[in-house]
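Open the model in your viewer and keep the sequence panel visible. The tour below goes from one selection to the next.

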Amino acid sequence: MYAVEVSDQIMIAHSFRGEIFGPAQGVHGATFVIRVAFLADELDAHGIVVDIARAHEVLKAALVPLNYHNLDELPQFKGINTTTEFLTRHLFDHLADAARNGKLGRDGRELKAIRVTIAESPVARAWYEAPLW
């Protein structure tokens with residue numbers, strides 16, 4: 001299995017509902033480091049999994065609506081706890097759509113899966129991985 005990984009980071013604010021979250025029930029900020037791995041069984045005719053520059057552009061575009069925003073105030077997240085785990089799937093959906101539509105410099109049907117990892121601190125992270133087809 002081959003993989004190409006790109007990364008970026010965002011700064012957000014949000015809060016959580018539920019006693020399990022303790023002090024995080026109040027509005028707080030977070031700086032997330034996001035890593036996205038695109039996986040393929042084989043390299044393409046150019047010897048790549050995906051074009052790294054295009055992969056980074058797609059990631060940056062998926063992050064723009066979140067960066068420097070209070071996620072509690074965004075209509076698409078109304079009533080949702082925007083946990084790190086939730087955000088991995090949210091970003092996966094955007095990146096999978098781009099991959100399936102050939103926006104990574106390779107026919108998306110040749111890609112096997114995408115893994116989105118979000119580190120919320122140097123010692124804690126969550127990830128979501130799923131096949132594209």
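Where is Tyr68 found? Select Tyr68: it sits in the loop between helix H1 (52-63) and strand E3 (69-70). Here helices (H or I, at least four residues) and strands (E, at least two) are DSSP runs, numbered from the N terminus. Tyr68 is not a glycine, yet its phi is positive, about 60°. With a relative accessible area of 63%, Tyr68 is exposed; the classes are buried under 20% relative accessible area, exposed over 50% and partly exposed in between, with a 1.4 Å probe and protein chains only.

Before moving on, note that this is a predicted model, in which local features need pLDDT of at least 70, side-chain atom pairs count only at pLDDT 80 or more, and totals for chains, interfaces and linings use all residues. Residues are numbered from 1 along each chain as its sequence is written, and side-chain values use heavy atoms, with hydrogens and water left out.

**Whole chain**

Zoom out and colour by secondary structure. The protein chain has two helices and five strands, in the order β-β-α-β-α-β-β from the N terminus. Its C-alpha atoms fill a box of roughly 50 × 30 × 25 Å along the principal axes. The radius of gyration of the protein chain is 16 Å, which agrees with the value near 14 Å for a compact globule of 133 residues; it is taken over C-alpha atoms, and the globule rule is 2.2 Å times the number of residues to the power 0.38. Of the 133 residues, 41% count as buried. Contact means heavy atoms within 4.5 Å; among contacts between residues at least 6 apart in sequence, 67% join residues at least 24 apart.

**Strands E1, E2 and E3**

Select strand E1 (residues 2-14) together with E2. These strands pair in the antiparallel sense over 13 bridges, where pairing requires that DSSP finds at least two bridges between two strands. Pick Gln9 to see Val33 of E2 opposite. Now add E3, which pairs with E1 in the parallel sense over two bridges. The bridge partner of Ile12 in E3 is His69.

**Strands E2, E4 and E5**

Next, select strand E2 (residues 28-40) and strand E4 (residues 113-121), an antiparallel pair with seven bridges. Label Leu39 and its bridge partner in E4, Ala113. Then add strand E5 (residues 124-131), which runs antiparallel to E4 and is joined to it by eight bridges. E4 and E5 form a hairpin, with two residues between them.

**Thr117 and Arg125**

Is Thr117 buried or exposed? At 12% relative accessibility, Thr117 counts as buried. Thr117 is found in strand E4 and stands opposite Trp127 in E5. Leaving aside neighbours within four places in sequence, the contacts of Thr117 are Val33, Ile34, Arg35, Arg125, Ala126 and Trp127.

From that list, select Arg125, which lies in strand E5. Arg125 counts as exposed, at 65% relative accessibility. With neighbours within four places in sequence again left out, Arg125 is in contact with Thr117, Ile118, Ala119 and Glu120. For a last selection, draw a C-alpha to C-alpha distance from Arg125 to His69: the two are 20 Å apart in space and 56 residues apart in sequence.
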